[in-house]
Amino acid sequence: MTQLIQLWNDVYAFLGHDVTAGLIGLLILLAFIPLHVVILVWLEMKVFAHITLRPAFMRVGPHGILQNLADGIKMIGKEIITPKPADKFLFFIAPIVIIVPAFIGYIIIPFSPVLQIKELNVGIMLIFAFSSLTVLSLLMAGWASNNKYSLISAVRSVAQNVAYEIPLLLSTMSIIIMTNSFRMNDIIAAQPPIGYILYQPIAFLIFFISTTAECNRAPFDLVEAESELVAGFHTEYTGMRFGLFFLAEYTNVVIAAAMATVLFLGGWRGPFLPGIVWFFLKVYFLIFVVYWIRWTFPRVRFDQLMNFAWKVLIPFALLNLIITAIVLKVV
Amino acid sequence: MLNKITIDDATLEQRVYQLNLGPQHPSTHGVMQFILTLDGELVVACEPNIGYSHRGHEKIAENRIYEQFLPYPPRMDYLSALIFNYGYCQAVERLCGIEVPRRAEYIRVITSELNRISSHFIGAFDLVMALGAFTPFMYCWDDREVLLDLLEGVAGSRLTYCYGRFGGVRNDIDKAFYDGTRRFIDRLRGRMKDYHDLVTGNIIFIKRAKDIGIITKETALEFGVTGPSLRGSGVKYDVRKQEPYSVYPEFKFEIPTREEGDCLARYQVRMAEIEQSMNIIEQALDHLPPGPIQAKVPRFISPPEGEGYFAFESARGAVGFYIVSDGSRVPYRIKVRSPSFSNLYVMTKICPGHFLADVIAIFGSIDVTVPEIDR
């Protein structure tokens with residue numbers, strides 16, 4: 001035992017505080033994210049089932065809670081197939097490119113006042129910078145599969161993500177100019193108890209819609225529109241490679257909901273309960289809304305999607321930003 | 001309406017590519033292939049490729065006695081199976097000159113209208129599912145479950161019924177069916193409001209379905225489109241009214257039509273027809289006559305030499321059974337005129353100029369069953 005402590009002290013002294021904390025944080029993330037996704041998928045299936053008057057799976061574990069874990073294990077055991085006409089290198093690297101930004105996004109999310117792996121001066125910019133890498137991965141996967149459905153999906157994803165990143169950033173900017181900081185905890189501290197949703201309801205709506213589109217969730221799930229494109233960009237993927245796309249999709253939903261919570265709903269702040277409980281309550285509420293929308297509305301068409309971004313969201317986001325700036329200057 | 005492609009043909013030839021939509025595809029309703037020529041996502045040409053579920057029903061008929069062929073017509077259109085079953089019975093009855101008791105006719109009308117409702121549920125909400133909304137489809141499945149239970153109670157099976165016999169029906173309806181149908185109609189009247197709230201008023205649904213896949217009146221008549229697709233184009237044609245058969249002239253019902261001819265119009269026509277079917281069922285239950293359910297017919301039917309054509313309205317349009325008899329116990333030839341075939345081919349005309357996503361919507365709104373096309 002003393003030897004272990006000695007070893008720990010040596011490692012700590014060698015790596016320094018920041019690197020050690022980062023490493024431990026990453027290890028926790030590696031364990032936490034897949035398990036969290038398992039719970040989220042279970043939740044989605046349950047929400048979906050109860051919306052459509054069904055109980056969903058009930059056999060594996062109480063209320064089927066172990067079902068998705070079993071599915072995940074099954075997925076790891078599946079054969080990984082690379083189609084003959086595929087571009088081998090891009091096909092291999094695409095799932096890796098999509099999962100890295102999804103993990104990095106977690107680093108700066110403040111789950112509670114202390115539970116944050118690393119506070120950065122450019123925290124929000126970091127998340128946006130890495131999440132825009134997602135589209136590269138989708139393009140690679142769609143192109144490398146050498147499948148027409150995948151290619152159509154990849155083309156759609158590029159156009160969609162580029163279009164929706166603009167209102168996303170614009171609506172975030174209207175928060176940033178109120179706080180003058182990109183640090184997560186500064187933004188949380190600057191908010192009124194209810195959150196910036198009180199001052200910026202339009203920005204919140206735009207942010208929420210844009211993140212839904214960025215995560216390719218319905219009604220903007222044109223990238224994997226199953227009734228049109230079979231499975232979109234991951235049609236040809238099998239086994240855990242498909243699993244990584246799946247993991248990234250749900251992780252991105254969590255990051256989007258966490259960002260909305262930090263920016264608009266006051267982060268971990270809240271009465272009576274500890275910060276982490278409040279944070280997850282807010283995040284899960286937003287995720288529930290995403291599921292709710294998904295299983296209620298039909299999918300929009302591609303031209304309608306683009307029109308909505310360029311003709312509605314961007315002008316409103318710009319207007320909102322200008323009004324915020326003017327009000328801040330005057331007041 | 002979308003802009004037509006404005007680039008010249010030489011460039012177009014370089015730009016277009018072909019996409020094989022199906023036969024293994026989530027929204028082609030079984031085994032059905034479309035060979036789409038696409039320019040980006042714009043459809044330049046759409047060619048249905050049929051025959052994947054051809055089972056040779058018409059040829060089988062030439063090797064079976066009339067009674068043995070009874071279970072085959074329901075397999076052609078598995079969604080409005082009872083209507084096909086009765087249609088075949090009525091065609092043979094007309095050929096032989098068999099008089100069907102009134103109670104049997106009423107039971108046939110009640111059950112075939114129930115079948116029409118269950119088929120229209122799928123017809124209307126399959127469009128919604130093709131557009132990406134899953135929930136309304138599951139809701140209709142809930143109602144359809146009650147309906148299938150009712151029909152199972154009298155007909156014995158849940159999908160491919162064989163309830164009709166030459167000269168009547170297999171067995172009489174019981175009190176459970178009578179009361180259950182009444183309860184179902186009451187329940188459905190309440191549920192229709194939910195459907196309209198959830199789907200018909202949904203802005204995304206309207207945006208996706210309005211002005212998409214317009215079948216003009218001329219195109220519809222040119223291609224021989226029948227059923228809700230024709231009535232959605234503003235032609236008031238229903239075999240039940242135009243060439244009345246069975247006891248349909250005794251009931252008051254309307255033929256719902258829409259002028260627009262787009263996907264939304266076809267959806268609305270189906271929803272309106274569900275309500276008309278409920279009216280017919282209620283009237284039939286009110287005036288259900290007593291009496292036998294089966295006419296006196298010989299054990300084996302051998303119609304006199306000659307030929308007969310009988311047209312009836314299935315959930316998808318006008319169906320025709322053309323039977324040639326050489327006086328033996330085996331039909332010489334049976335030819336079926338199926339509505340899905342004509343309705344499907346109108347897609348070659350209306351799809352060009354739309355997006356890939358719209359092709360799925362149009363296919364969903366026309367509502368074909370693949371075995372009925374191929375037979």
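1. Helices (H or I, at least four residues) and strands (E, at least two) are DSSP runs, numbered from the N terminus. On that basis B:Ser246 falls in the loop between helix H11 (239–242) and helix H12 (263–286) of chain B. Its phi is near 55°, a positive value in a residue other than glycine. B:Ser246 counts as partly exposed because it has 18 C-beta neighbours inside 10 Å, where a residue is buried if 20 or more other C-beta atoms lie within 10 Å of its own, exposed if 12 or fewer, and partly exposed in between, with C-beta atoms placed from the backbone.

2. On provenance, this is a predicted model, in which local features need pLDDT of at least 70 and side-chain atom pairs count only at pLDDT 80 or more, while totals for chains, interfaces and linings use all residues. Residues are numbered from 1 along each chain as its sequence is written, and chains are lettered from A and ligands numbered from 1 in the order in which they are written.

3. Chain B as a whole contains 16 helices and 8 strands. Its radius of gyration, taken over C-alpha atoms, is 21 Å, close to the 21 Å given for 375 residues by the globule rule (2.2 Å times the number of residues to the power 0.38), so chain B is as compact as a globular protein of that length. Taken along the principal axes, the C-alpha atoms of chain B fill a box of roughly 70 × 50 × 35 Å, and buried residues account for 50% of its 375 residues. If contacts (C-beta atoms, placed from the backbone, within 7 Å) are restricted to residues of chain B at least 6 apart in sequence, 72% of them join residues at least 24 apart.

4. Strand S2 (residues 33–39) of chain B deserves a look for its alternation: B:Phe34, B:Leu36 and B:Leu38 point to one face and are buried, whereas B:Gln33, B:Ile35, B:Thr37 and B:Asp39 point to the other and are not. Strand S1 (residues 17–21) of chain B runs antiparallel to S2(B) and is joined to it by 5 bridges, pairing being assigned if DSSP finds at least two bridges between two strands; B:Tyr17 stands opposite B:Leu38. S2(B) also pairs with strand S3 (residues 42–49) of chain B, in the antiparallel sense, over 7 bridges, and there B:Phe34 has B:Pro48 as its bridge partner. S2(B) and S3(B) form a hairpin with 2 residues between them, and B:Gly40 in the turn has a positive phi of about 65°.

5. In chain A, helix H10 (residues 239–264) has 26 residues and reaches 38 Å from its first C-alpha to its last, close to the 38 Å expected at 1.5 Å a residue, the expected span being 1.5 Å times one less than the number of residues. H10(A) is mostly covered, with 22 of its 26 residues buried, and A:Gly266, which follows H10(A), has a positive phi near 80°.

6. The largest nonpolar core (a set of buried Ala, Val, Leu, Ile, Met, Phe, Trp, Tyr and Cys residues joined through C-beta atoms within 7 Å) has 191 residues, and those touching the most other members are A:Ala260, B:Leu127, B:Val359, B:Ala361 and B:Ile362. H10(A) gives the most to this core, with 16 residues. Leaving aside neighbours within four places in sequence, B:Ile362 is in contact with B:Ile212, B:Gly213, B:Cys263, B:Met347, B:Ile350 and B:Cys351.

7. Helix H5 (residues 134–144) of chain A is likewise mostly covered, 9 of its 11 residues being buried. Its buried residues pack against helix H3 (88–107), helix H4 (123–131), H6 and H10 of chain A, and A:Asn146, which follows H5(A), has a positive phi near 60°.

8. At the interface, 21 residues of chain A are in contact with 25 residues of chain B. Helix H6 (148–179), helix H9 (226–229) and helix H12 (302–330) of chain A are the elements that give two or more residues to the side of chain A that touches chain B, with the largest share, 3 residues, coming from H9(A). By class, that side has 12 nonpolar, 4 polar and 5 charged residues, where Ala, Val, Leu, Ile, Met, Phe, Trp, Tyr, Cys and Pro count as nonpolar, Asp, Glu, Lys and Arg as charged, and the others, Gly among them, as polar.

9. A:Phe302 lies in helix H12 of chain A and is buried, because 21 other C-beta atoms are within 10 Å. Not counting residues up to four places away in sequence, A:Phe302 touches A:Arg156, A:Leu222, B:Glu41, B:Phe355 and B:Ala357.

Conventions
Two residues are in contact if their C-beta atoms, placed from the backbone, lie within 7 Å.
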